[in-house]
Amino acid sequence: MSDPKTALVVSAHSADFVWRAGGAIALHAAQGWRVHIVCLSFGERGESAKLWRQPGMTIEKVKADRQAEAQEAADILGATVEFLDIGDYPMRADLDVVFHLAKVYRDLRPSFVLSHSLKDPYNFDHPLATHVAQEARVVAQAHGHEPQVPVIGAPPVFLFEPHQPEQCEWKPELFLDISPVWEKKRAAFETMRAQEHLWEYYTRVGLQRGAQATRNSDFKIAYAEAFQRVFPHVTQGTLA
């Protein structure tokens, strides 16, 4: 039996992968793919306001709660997840983070990578996460970096949808029908109790992208996720 195909998701905060790519994760996991998520932080400072309103809250408790939520969500979606705990608001990544991600690339050898938009004037952690993911991808392709370990090829990178796409100079270039796994995605983001205010927002995003996907195809799609490409699409034999 051949090894399963693999995919890598690099998420700035513990909930980002759920809102923005939960459908893609669940869809591929259901098809037998191994999907691995790397959360650079727990979103403990900037994306956990509901928790901080509780009396006596500490940063250690916030981190533990957000990790538990993200682990529960990843389990629902069928993915593995790890947490690097490099902090947020502001996020900073040193060479150890780049080299760790480069090792993840070489160990996992993903067929594709998902991460954030290249710009986000509302949240500088998001493009930083993508920058680090991209830099690690380049390092993992370098023959001189740990030359005893085989380099990776050129997995395509897709940028999932930011909260306010127009201000982030992000546009949808690929729609993925996530209707078959929508209930899994909804169940996963309902584990994000610290950000309950986003549940209905991202339900509306899924419906809107589904409507747009239907208008751009011959498919009837209820829910979709949208992605922007970083690199050109390469095909052989046909454009269809």
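Asp 65 and Lys 61 both lie in helix α3, four residues apart, or about one turn of the helix; helices are DSSP runs of H or I with at least four residues, strands runs of E with at least two, numbered from the N terminus. The two residues form a salt bridge, defined as a side-chain nitrogen of Lys or Arg within 4 Å of a carboxyl oxygen of Asp or Glu. Lys 61 counts as partly exposed because its relative accessibility is 41%, where buried means under 20%, exposed over 50% and partly exposed in between (1.4 Å probe, protein chains only).

The model is predicted, with local features requiring pLDDT of at least 70 and side-chain atom pairs pLDDT 80 or more, whereas totals for chains, interfaces and linings use all residues. Residues are numbered from 1 along each chain as its sequence is written, and side-chain values use heavy atoms, leaving out hydrogens and water.

The structure holds 12 salt bridges, including these:

| Acid | Base | Closest N and O atoms |
|---|---|---|
| Asp 65 | Lys 61 | 2.9 Å |
| Asp 16 | Arg 20 | 3.6 Å |
| Glu 225 | Lys 185 | 2.6 Å |

Asp 16 and Arg 20 both belong to helix α1 (residues 16–30), and both are buried. Lys 185 in helix α6 and Glu 225 in strand β7 (residues 224–229) are 40 residues apart, so that the pair links distant parts of the chain. Both Lys 185 and Glu 225 are buried. Salt bridges with shared partners join Arg 186, Glu 190 and Glu 200 into one network.
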